[in-house]
Every structure is written in C-alpha cells, then in structure tokens.
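The following paragraphs lead through the fold of a single chain, from individual helices to the core. The reader may wish to keep the sequence and the model in view throughout.

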Amino acid sequence: MQTQTESQTGMQWVAVLDEEARGLVAAVDAHPDASRLFNGTIDAAGYIHYLIQTYHYARWSTPILGEAGERLKRLGRHLELAELLIQKAGEERGHELWLLSDLKNLGCSQEQVEAAARSPAVDAYTGWNFFTSRSGVPTAVLGTAYVLEYLSQTRAGVGAERLQAVASIPNIHKSVTFLRSHGALDGDHVAEMAEILGRLTDPEEQAAILFSARATRSIYPGIFRQGDPSGLPLPK
C-alpha cells in the first residue's frame, strides 16, 4: 500500500528516496567490514572479497539498465526516464574492467575472479533487478541506481583516499580505480537523477522506485565479508 508521502508529486517524493539512500549509507557504516573498507583499515582478503562480489553484480549493470530503458520505450511510457535508463547503461559500460584491473594488481587473475563464488546478496541483487527490468516495473531499476550512486558519492572517493593513506594492503595505490572513479563520477549523476525524477508524478512508478531502493538498502550490505579477520562471525 502506498503511503501519503510516497504519492506526493515533485521533489517531495524524491526526499523520501533520499531517506532510503541515507539509510543505505547508515547500513553500510554499521557493517564492520564495510566500515573498515571506507576508513581504509580493511585487510587484503576483505578488500579482495568486496571487489570480487562487486564485479559479479557490476558486470550486469549495463544490460539491466539498458533492457529496462528499451522495455519502457516499447511500452511508450515515461520516455524521459527511458532515455535516462539507456544513458545510465552507457555510463556503466566497462566499469567491471576497472574491478578486474584492481584485482589483477592485487594478484587475482580474471580466471580466479570468474570462478569465485558469489554471495547470496549478489544473486539476490541481480535476480531482483533483472526481474524488474524484464518483467516488473522497469523504472524501478532507477531506485537501485539512485541509492548506489548516492553511496558512491558519499563513501567511494573517501574510501579510496583512506585506503591509500593507510596503505596496509600491498600495491593498494594501483588498486583503487573502481572506488576512486565512482567517487568522482556519481555526485553529478545523483543530482541529475534527482532533477529528472522530481518531474515524475505517477504514484505507482514512485512506489516501484522506492521499493527497489529499499530492497537494495536491505540486500547490498550482504556483499561484504560476513566474518571478521579472525574468522569469527560478525555480531548480529
């Protein structure tokens, strides 16, 4: 059921989307391994785990976004959002190569990365977003994109700087391309998305985007390592 807030028009509903984005940042900050990543103190194994899991979902970003945009165009709905989705598909193209480059500099071959097990969170993330792109409400994918780019804007660039400053991981200075690039790019992307989404007045579309943002907020922290460096489970 939609709440009164979620069916508001203009930038009011985007403020609710911002709350979801801030909720994702808070969830990441509360996760011990994620916190260590962004304050620069994570160990090599934890950083490699993060990069590998990120590769396993980021490689699908272009088809997820592109298929959503093309489907929206075929449906003849919200053509401005369809073009935004297709634009974002192009922006994400090749980002998985940054991850492979970072991992190579950490001693991980592409074959090792491809063979590595995916976490349940990665499968949940890709499964949900492919569903919305191909069968659900295609604009919902923008909720995922918005909160992840908000996270990158607030944490990725700082994380890259701190990892290099602490320098506890061998060759780290050549292994932060993905974080550094996303931190630099996604600030403008968030502002652009907010402006365009602020013109969306369809309550059902708003609700779908917000639901996808909430799903991402719940799923995303699971891509991080779920045990501490000692091998003990993280506290619940």
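A convenient place to enter this predicted model is G107, which follows helix α6 and has a positive phi, near 95°. The helix that precedes G107, α6, spans residues 95-105. Its buried residues are H95, E96, L99, L100, D102 and L103. Because these residues cover an arc of only 160° around the axis, they lie on the same side of α6. L97 and K104, by contrast, are exposed on the other side of the helix.

A glycine with positive phi also comes after helix α2: this is G40, with a value near 90°. Helix α2 itself comprises residues 32-39, and D33, A34, R36, L37 and F38 are its buried residues.

These helices belong to a chain with 11 helices and zero strands. Along the sequence the pattern is accordingly α-α-α-α-α-α-α-α-α-α-α. The chain has 236 residues, of which 51% are buried. Among contacts with a separation of 6 or more, 81% are between residues 24 or more positions apart.

Beyond G107, the chain reaches helix α7, residues 110-115, in which Q110 is found. Is Q110 buried, exposed or partly exposed? Its relative accessibility is 43%, and therefore Q110 counts as partly exposed. When residues up to four places away in sequence are not counted, Q110 touches Y55 and L100. The latter residue is one of the buried residues of α6. L100 and Q110 are separated by 10 residues in sequence and by 6.4 Å in space, C-alpha to C-alpha.

The next element to consider is the pairing of α8 with α9. Two packed helices are described by the angle between their axes and the distance between the axes. For helix α8 (residues 120-134) and helix α9 (residues 141-166), the angle is about 135° and the axes are 9 Å apart. That angle makes α8 oblique to α9. The contact involves Y125, N129, T132 and S133 from α8, which meet V141, T144 and L148 from α9. Classified by residue type, this contact of α8 with α9 has three nonpolar, four polar and no charged residues.

Within α8, S133 merits separate attention. Where does the relative accessible area of S133 place this residue, buried or exposed? The value is 1%, so S133 is buried. Leaving aside neighbours within four places in sequence, the contacts of S133 include V141 and P138. Further contacts of S133 are with P63, I64, E67, A68 and R71.

The account ends with the nonpolar interior. In soluble globular proteins, nonpolar side chains tend to be buried together. In this chain, the largest nonpolar core has 68 residues, and those touching the most other members are Y47, Y50, L197 and Y220. Helix α9 gives the most to this core, contributing 11 residues. Which residues does Y47 touch, residues up to four places away in sequence not being counted? Y47 touches L37, I42, L106, L163, I169, I172, S175, V176 and L179. Of these partners, L37 is among the buried residues of α2, which returns the reader to the helix followed by G40.

Terms used: Residues are numbered from 1 along each chain as its sequence is written. This is a predicted model: local features need pLDDT of at least 70, side-chain atom pairs count only at pLDDT 80 or more; totals for chains, interfaces and linings use all residues. Side-chain values use heavy atoms; hydrogens and water are left out. Axes are lines fitted to C-alpha atoms, for helices over the stretch in contact, and angles run from 0 to 180 degrees between N-to-C directions. Helices (H or I, at least four residues) and strands (E, at least two) are DSSP runs, numbered from the N terminus. Angles under 35 degrees count as roughly parallel, over 145 as roughly antiparallel, 65 to 115 as roughly perpendicular and the rest as oblique. Contact means heavy atoms within 4.5 Å. Ala, Val, Leu, Ile, Met, Phe, Trp, Tyr, Cys and Pro count as nonpolar, Asp, Glu, Lys and Arg as charged, and the others, Gly among them, as polar. A nonpolar core is a set of buried Ala, Val, Leu, Ile, Met, Phe, Trp, Tyr and Cys residues joined through side-chain atoms within 4.5 Å. Buried means under 20% relative accessible area, exposed over 50%, partly exposed in between (1.4 Å probe, protein chains only). The arc is that of the directions from the helix axis to the C-beta atoms.
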